[in-house]
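Student: I would like to go through this assembly with you and ask how each label is earned. Could we take it one term at a time?

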Number of protein chains: 6
Amino acid sequence: MRYENREIDELRNVEILPGYIKHPEGSVLISFGDTKVICSASVEDRVPPFMRGKGKGWVTAEYAMLPRATEQRNIRESSKGKITGRTMEIQRLIGRALRSVVDLDKIGERTVWIDCDVIQADGGTRTASITGAFVAMGLAFEKLIKEGKVKSNPLKGYLAAISVGVDEKQQAMLDLDYVEDSQANVDMNVVMTSDGELVEVQGTGEEATFSRKQLNEMLDLAEKGIEELFLMQKNVLGAFGDSIASKRDRKADGE
Amino acid sequence: MRYENREIDELRNVEILPGYIKHPEGSVLISFGDTKVICSASVEDRVPPFMRGKGKGWVTAEYAMLPRATEQRNIRESSKGKITGRTMEIQRLIGRALRSVVDLDKIGERTVWIDCDVIQADGGTRTASITGAFVAMGLAFEKLIKEGKVKSNPLKGYLAAISVGVDEKQQAMLDLDYVEDSQANVDMNVVMTSDGELVEVQGTGEEATFSRKQLNEMLDLAEKGIEELFLMQKNVLGAFGDSIASKRDRKADGE
Amino acid sequence: MRYENREIDELRNVEILPGYIKHPEGSVLISFGDTKVICSASVEDRVPPFMRGKGKGWVTAEYAMLPRATEQRNIRESSKGKITGRTMEIQRLIGRALRSVVDLDKIGERTVWIDCDVIQADGGTRTASITGAFVAMGLAFEKLIKEGKVKSNPLKGYLAAISVGVDEKQQAMLDLDYVEDSQANVDMNVVMTSDGELVEVQGTGEEATFSRKQLNEMLDLAEKGIEELFLMQKNVLGAFGDSIASKRDRKADGE
Amino acid sequence: MRYENREIDELRNVEILPGYIKHPEGSVLISFGDTKVICSASVEDRVPPFMRGKGKGWVTAEYAMLPRATEQRNIRESSKGKITGRTMEIQRLIGRALRSVVDLDKIGERTVWIDCDVIQADGGTRTASITGAFVAMGLAFEKLIKEGKVKSNPLKGYLAAISVGVDEKQQAMLDLDYVEDSQANVDMNVVMTSDGELVEVQGTGEEATFSRKQLNEMLDLAEKGIEELFLMQKNVLGAFGDSIASKRDRKADGE
Amino acid sequence: MRYENREIDELRNVEILPGYIKHPEGSVLISFGDTKVICSASVEDRVPPFMRGKGKGWVTAEYAMLPRATEQRNIRESSKGKITGRTMEIQRLIGRALRSVVDLDKIGERTVWIDCDVIQADGGTRTASITGAFVAMGLAFEKLIKEGKVKSNPLKGYLAAISVGVDEKQQAMLDLDYVEDSQANVDMNVVMTSDGELVEVQGTGEEATFSRKQLNEMLDLAEKGIEELFLMQKNVLGAFGDSIASKRDRKADGE
Amino acid sequence: MRYENREIDELRNVEILPGYIKHPEGSVLISFGDTKVICSASVEDRVPPFMRGKGKGWVTAEYAMLPRATEQRNIRESSKGKITGRTMEIQRLIGRALRSVVDLDKIGERTVWIDCDVIQADGGTRTASITGAFVAMGLAFEKLIKEGKVKSNPLKGYLAAISVGVDEKQQAMLDLDYVEDSQANVDMNVVMTSDGELVEVQGTGEEATFSRKQLNEMLDLAEKGIEELFLMQKNVLGAFGDSIASKRDRKADGE
């Protein structure tokens, strides 16, 4: 049995608080247990140089942690003058994952800047960031549609992410907190869409390995957790969320 | 009459929420109206090179804004690879102001890292940061004393800060929000201690000037506002706050 | 049928040339078709600060491409003054993968620096790097053992990596070249040990998704390719390679 | 009595040597005692991006010290690869102060670059820089008018700056040298115009505080010193200086 | 007698392998003994800002060493975030030398990027780089002419470089390897054209000096070595090499 | 005939003003015509890491230009955040040249920091820097000897530098000013000692070449100019200069 009687396949307490900060086109405060991330979506009316003139938009993400989001204070990346490899990996992952469910043609030559700022860290910050950023982005698209800047919902499906792992006793488990994560043999992040498809699978055994069987156990747990996250996202997005085209709908549109 | 019927000498709604994030030795979320800053105090058991071997401690501060704390998204300083002059000025000011009320001999060879992260900006972020950071630092000292690491309260007084300004009609006013600040002729930040003494006075007339008389009007407003901030700080610090030595007490100690 | 009549489950022509440059303790030139990487292993008699005093060693990797390794010339990272996110991701991956098969206790307080410099790129540079770096590291360990600096072989198994993907017709395939990689819907890198265990699985669908079934097809192809790579590595490492402890052996040792 | 019999309200020996270097549109070597600063004003026929298309000009300043301008050699900021917070604060202050007396509409889309390079430092480098830079800028404007590039004098008044402080015996004093400055309880920089108005007041008590009464004593001293600096500036600027519009004149012009 | 029975005026074994990497317009692997450098020439259809609109081209060079090209591993310049002074000096030298034999008018508004990447270093890397880069550039020009992008051969002569030095016994010698170079009193690099003219002479006595007589002895050796290098370059460039205009030819053209 | 009736073999007006700034152990303002450089020598009681524990000292140099030392204002290297290749080359040259005449064993574990700051540039800044820096360093050594920190004069000879060139009419000339330098075909810097030996010869023909005969003409001119510079240096260094050991003296000492 895990800390606080959590089951092997049980998510921590998840909360998604929309409109947490006032300036961004969309924003949420998302919590996975004690992990808390402010996700915001900012819309800029131009695209980066490599995308210009294609009539399409772009989605990009940045990720950071407050210096004391963690047990030990970290030096600010702005003070160091450079971004760590870990931060780069995470923000590239977030951007790539979000782009997989956005029809970039529908947003015109606009960039959606996703900012995920971790104010308290207790494991799973990248998966909380993706899950929260999807909602912040959804809120921004809702606003763009209301303002008439975007014609139809660019979202091709819901998107959420969760971490899974294998502990020292070879037990697979869902949504690891910091203590579990630092003791795990294997750590895997899974990103999926509401069509039941995988977007990203990143499994790593630092100084350890894992079998195909364990990979499948972890994927089963991830699928279960992500389904629950979709319900919470739908709850926040409400009516706008209903207009997110399912794969079947899209196929019917001849896409 | 100002926006939302605020009087010339009236503070915005101020709130100080202690323990806002769990890892730091002390933390608060402070709001001055729509300006919201997470202030944390982290204690490290060593001092920077220039302070080593003196048996004294050090207090230093860092300041940042989330990219979308503002109306327009700002590029992260970590992405730019360098800190702007504005940020440097503010974090030097916060550190200097806090050190003026700390007896560095009493904290031993420790560094108190103050982090002020603005999650939403609407004018007065540097004064909210100083006012909140003082409380976060107080909470950290309270913890150090409870743990027996520090013997007696290192605080020599309360410390708070407020902005004042002169508008285009030559009217002095207290605690400017973003709109007022951007229209003001003169902008001044005042930092004071509970002994009624000044710690910092920074008055600036960009493309404008001000008279000695206006300087005095602004200082009168600042004193009034800062007195009100002291009451809110005392409310949060409670019994620990009562042990902050007043100047009279310190004199009786032969200091 | 693929370019040059390659089968779906067929590797490109792979060559591993040992001792390619003379100064490093171990080095190879590895080719996966037109992808050519110089892998070197340099041994330093100290460890990074976070590992000091533990009596253990460390393995770390750096990766770079010559500016004109690619179709278009890339700006040097040294001229830009910073390392791209892509490079960081790759060098973190290489280091992590190699550490999974090294018994760090056996190498003492030494760092093995792995340098993977791509002199010609045609897809799969990161998997060629891992596969070649394993051999370069093996050659360096062989030298350390001969010199009496290391007592027994620190390698816990062979390690190799290959890329797999799914093309636009939903066909899974092994060892993608640059053209195939840029047209693929899904790109996955798999790192495995000679015990048949997974070390890293990184599957990504940029603007696309993949099913659990496709994931398994790709893993099957990867296993086949990696088994072939192990044979080539064994061929180069010769007698020294035979002393790489199999899992069964290690278990017999009570590990 | 101060070092070298200087009175409490007495400036050090001040000299302003015009045309000190030949290339800039305007330049001076200014000395406040042993503090020596080369101030130059360079005119560029374009403005920074945020000012383009407004038909107005811009004034910006940079400040630096030679490595051995000080008692101990300082590492060059170019070698460190970044500018210190102190330098940023000072150059922002110089630029802001100078802009307060320039009618930016009158200079057209031009940038005046002010460079203040301290070749010898003995306290008060920022106030010497402002006072000298005003003259260098005046000489540049005189040249632009002679060349017909600017129609009428853009200067709205004279501008000078001085430091004041309070020593350990609570004595206020004018124009602190390095030794006095490092022993002072309070350090304040005051910038004023020839209309008797304040432009900047920056008073700081590092590990000390000051009263409203002391603030006023310091301001009285600063006013006296700055009046004397105006006479020296006028002496150098000669006939051109006479055309600097006083406030009264400007009011008569209906400004 | 030198190591491996080399004579005072004898080059090491020199090889020039054309087409070593496939993407660049021209490339070679050049070896001077154990010194091995990949030289590539990349053609870009635009020039740097300072050359735009002149109808002329530009040639520029970059130089780097693999971290373990040397006896001790060097930290990558990309990891340090800056280029060392030594690298800057060398790449400026290579670019300048190559430009001396190119008629920039003939290549149109194009930039030739020369990349010299040392994969193994044993003395003389900069002279091997210049000698190899000339051939890589020649191959690129041959390609541009074949493609009709350039009308006539822009090369005004052959160009090669060699190092010479004076050892501790005051003996001048040709083409120093690393051991000789590190023991030499004087080190000189000489760049010449096939017209027998000097392009660069850089002689340096670190903690030593040299006489005019020694300078002349070194130049005599350099001339001899460079003549031999021209023959090898001609051998690689073949028929295209024959079209390199000699000075006499150019004079006949009225140049 | 040259500008201002200067002969082909005539130096510009040279002045060396000792003690120009007060803090450094030695300093001069040196002028070669309108080129003016502040040279200072600062003594630090430790050596860089690579020299520690050898009982020897080190001499290193830094070079910079004020932004408006030149006709067009240059961006500060501190603002750019990096040092240009030109600056690196020059400061490496100055340091290397000065070390050639210093007996590093005699100065103990100390570093002499040479700072050459060009306040006005009109050609020949690097040769003026070397010539002036030698005197500043001599003044610093004189001080160290007076203070008993150094026992005997560490200088092994005088050192000076001059530029020579060949103009478009193939005429060699001495000490080029900016206009001459920018029109010259060949530019060469020569550094010599008072023993008549060469320390550095750096001849460059950008987009031009030069013959052995022209090289010798330039060296003859350089020797003549440098002899004249030695007389001016001796004049400033006075009695201390007389103790600079000549080669013959050193040989008599059995060196």
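Tutor: Gladly! Let us begin with contact, which here means heavy atoms within 4.5 Å. Keep in mind that this is a predicted model.

Student: How do you know that chain A and chain F are not in contact?

Tutor: Set the pair against that cut-off: contact needs heavy atoms within 4.5 Å. No contact joins chain A and chain F, and their closest C-alpha atoms lie 11 Å apart. Chain C and chain D do not touch either, with nearest C-alpha atoms 11 Å apart.

Student: Then which chains does chain C touch, and with how many residues?

Tutor: Chain E is one partner: 35 of its residues are in contact with 35 residues of chain C. Chain A is another, with 34 residues in contact with 34 residues of chain C.

Student: What makes the relation of chain A to chain C a two-fold axis?

Tutor: Start from the general picture: two copies of a chain are related by a rotation about an axis and a shift along it. For chain A on chain C, the turn is 180°, the shift along the axis is 0.0 Å and the RMSD is 0.0 Å. That is why the relation is called a two-fold axis. In chain A, the C-alpha nearest this axis belongs to Gln202(A), at 2.2 Å.

Student: How do you know that the same surface serves both copies there?

Tutor: Compare the contact residues of the two sides: 100% of those of chain A recur in chain C.

Student: What superposes chain E on chain C?

Tutor: A rotation of 180° with 0.0 Å of shift along its axis does it, at an RMSD of 0.0 Å. Here too the same surface serves both copies, as 100% of the contact residues of chain E recur in chain C.

Student: Why is the pair Glu62(C) and Arg76(E) called a salt bridge?

Tutor: The rule asks for a side-chain nitrogen of Lys or Arg within 4 Å of a carboxyl oxygen of Asp or Glu. In this pair the closest N and O atoms are 2.9 Å apart, so the label applies. Across the interface of chain E and chain C the rule finds 14 salt bridges. There are also 29 residue pairs in polar contact between these two chains, both residues at pLDDT 80 or more.

Student: Which elements of chain E make up the side that touches chain C?

Tutor: Those giving two or more residues are strands E3 (35–44), E4 (58–65) and E5 (111–120), together with helix H1 (77–80). The largest share, six residues, comes from E5(E). By class, this side of chain E has 15 nonpolar, eight polar and twelve charged residues. Chain E and chain C bury about 2900 Å² between them, of which carbon and sulfur atoms give 47%.

Student: And what makes Glu89(C) and Arg92(A) a salt bridge?

Tutor: Put the distance to the test again: N to O is 2.6 Å, and the cut-off is 4 Å, so the pair qualifies. Between chain A and chain C the count is six salt bridges, and 19 residue pairs are in polar contact, both residues at pLDDT 80 or more. On the side of chain A that touches chain C, helix H2 (85–99), strand E9 (198–204) and helix H5 (212–242) each give two or more residues. That side divides into eleven nonpolar, eleven polar and twelve charged residues. The area buried between chain A and chain C is about 3200 Å², 46% of it on carbon and sulfur atoms.

Student: How many salt bridges does the structure hold over all chains?

Tutor: The total is 138. One inside a single chain joins Arg6(D) and Glu180(D), with closest N and O atoms 3.4 Å apart.

Student: What makes that pair a link between distant parts of the chain?

Tutor: The two residues are 174 apart in chain D: Arg6(D) sits in the segment before strand E1 (14–18), and Glu180(D) in helix H4 (residues 178–183).

Notes
Residues are numbered from 1 along each chain as its sequence is written. Chains are lettered from A and ligands numbered from 1 in the order in which they are written. This is a predicted model: local features need pLDDT of at least 70, side-chain atom pairs count only at pLDDT 80 or more; totals for chains, interfaces and linings use all residues. Side-chain values use heavy atoms; hydrogens and water are left out. Copies are superposed by least squares on the C-alpha atoms of residues with pLDDT of at least 70 in both. Buried area is the accessible area (1.4 Å probe) that two parts lose on being put together, summed over both. A polar contact is a pair of N or O atoms within 3.5 Å; within protein, one must be able to donate a hydrogen and the other to accept it, and residues adjacent in sequence count only if both atoms are side-chain atoms. Helices (H or I, at least four residues) and strands (E, at least two) are DSSP runs, numbered from the N terminus. Ala, Val, Leu, Ile, Met, Phe, Trp, Tyr, Cys and Pro count as nonpolar, Asp, Glu, Lys and Arg as charged, and the others, Gly among them, as polar.
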